Amino acid sequence: MALARNRRSERTVDYWPGFVDALSTLLLAIMFLLSVFVLVQFLLSREISGKDEVLDRLNTQINELTQLLALERSTGQDYQDQIATLRASLSSTEEEKSRLQRALESDTGSAAAASAEVEGLQSALDDEQQFSQRARSQIELLNQQLSALRQQIAALENALDVSESRDQESRTKIADLGRRLNVALAQRVQELSRYRSDFFGRLREILSDRENIRIVGDRFVFQSEVLFPSGSDVLQPAGAEEMAKLATAIKELAREIPSDINWIIRVDGHTDNIPVTGGRFEDNWQLSTERAGAVVKYLISQGVPPERLAATGFGEFQPLDTDNTPEARDRNRRIELKLTER
């Protein structure tokens, strides 16, 4: 029996050191691979974080891609946690192996039980290796997804550069068009100003002998008493005579102004601040509007193109003189003619 025990001890001594060395080498290899994985994960995290500025520029366009990246980072963190668990498990395995080694050295009779436990640990180690292999596969998939994400970000950057280039070209064209438009408008204003000057010059010649007709700024002003009886919108004969002269000047002007200048003669009616009492007018506003309309209708009857005329009423709300005196009220009762652009 002692001989058999010695032989069994010899067999154990022959195989166990090699097995332990192999197990230690395997554990070191696993720890090296885990270290490489952690380093790769760290580098990947730095590379991903370096894209934050680009992601900020794209903002809403790549919101879904950012969410995907966050999900993948979370998955990578889960894998790191699992690897940390594996490390703890491997550490426990090493401690258990050391314990079994000490037990084997102190009591050779427990070698069989230790061998069984070692086999269990080997099986657990195999399971851990399989899990590590699955983790590496998932990490590889994560790397592929990150590569695809970087390609999509690069494509979006190119699209953004193209868009910015087109936007710059558009702004340049708009600025050029605006400059041309301003030049064209300035030319039209100059032309209209020249014709307005000619128009008022002719009116001065035609109506120079009337004291109640004057020029105020860019408007030709007729006192209402020249054209209408008090409280009426019917042209009196003297007023019709003056409007006939005005119609002749407008028709001559219409023949000279180019057709591409969109001009009109605006007839504005104004009253004093004394309320209308009785009659068919509700207020001064209606009276001023009806008087302006009467002038326009008469000018049309004299051959002035209707599309070149406009009638407006201002009532007492645009006075020339704000004093509450008879003289001020006389000035404020008026019909104004203004050559302007539509």
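F32, L33, V36 and V40 make up a nonpolar surface patch, with a combined accessible area of about 340 Å². The model is predicted. V40 belongs to helix α1, residues 2-49. Its relative accessibility is 34%, so V40 counts as partly exposed, since that class runs between under 20% for buried and over 50% for exposed.

**Whole chain**

Eight helices and five strands build the protein chain. In sequence order the pattern reads α-α-α-α-β-β-α-α-β-α-β-α-β. Chain-wide values follow.

| Property | Value |
|---|---|
| Residues counted as buried, of 342 residues | 30% |
| Contacts 24 or more positions apart, among those with a separation of 6 or more | 73% |
| Accessible surface of the protein chain | about 20,800 Å² |
| Part of that surface on carbon and sulfur atoms | 53% |

**Helix α7**

Helix α7 covers residues 284-301. Does its length agree or disagree with what 18 residues should span? At 1.5 Å a residue, the expected span is 26 Å, and the end C-alpha atoms are 26 Å apart, so the two agree.

D283 caps the N-terminal end of α7. One of its side-chain oxygens lies 3.3 Å from the backbone nitrogen of W285. After the helix comes G303, with a positive phi near 100°.

Which residues of α7 are buried? They are N284, L287, S288, R291, A292, G293, A294, V295, V296 and L299. These buried residues pack against two helices, α5 (224-227) and α6 (237-256). They also pack against the strands β3 (263-270), β4 (309-313) and β5 (334-341).

Note on methods: Residues numbered from 1 in each chain as written. Predicted model: local features only at pLDDT ≥ 70, side-chain atom pairs only at ≥ 80, totals over all residues. Heavy atoms only, no water. Helix = DSSP H or I, 4+ residues; strand = E, 2+ residues; numbered from the N terminus. Expected span 1.5 Å × (residues − 1). Buried < 20%, exposed > 50% of the residue type's maximum accessible area, 1.4 Å probe, protein only. Contact = heavy atoms within 4.5 Å. Polar contact = N/O pair within 3.5 Å; in protein donor to acceptor, adjacent residues only side chain to side chain. Patch = residues over 30% accessible without salt bridge, like charges linked within 9 Å, V, L, I, M, F, W, Y side chains within 5 Å. Areas by Shrake-Rupley, 256 points an atom, 1.4 Å probe, with all protein chains shown as cover. Salt bridge = Lys/Arg side-chain N within 4 Å of Asp/Glu carboxyl O.
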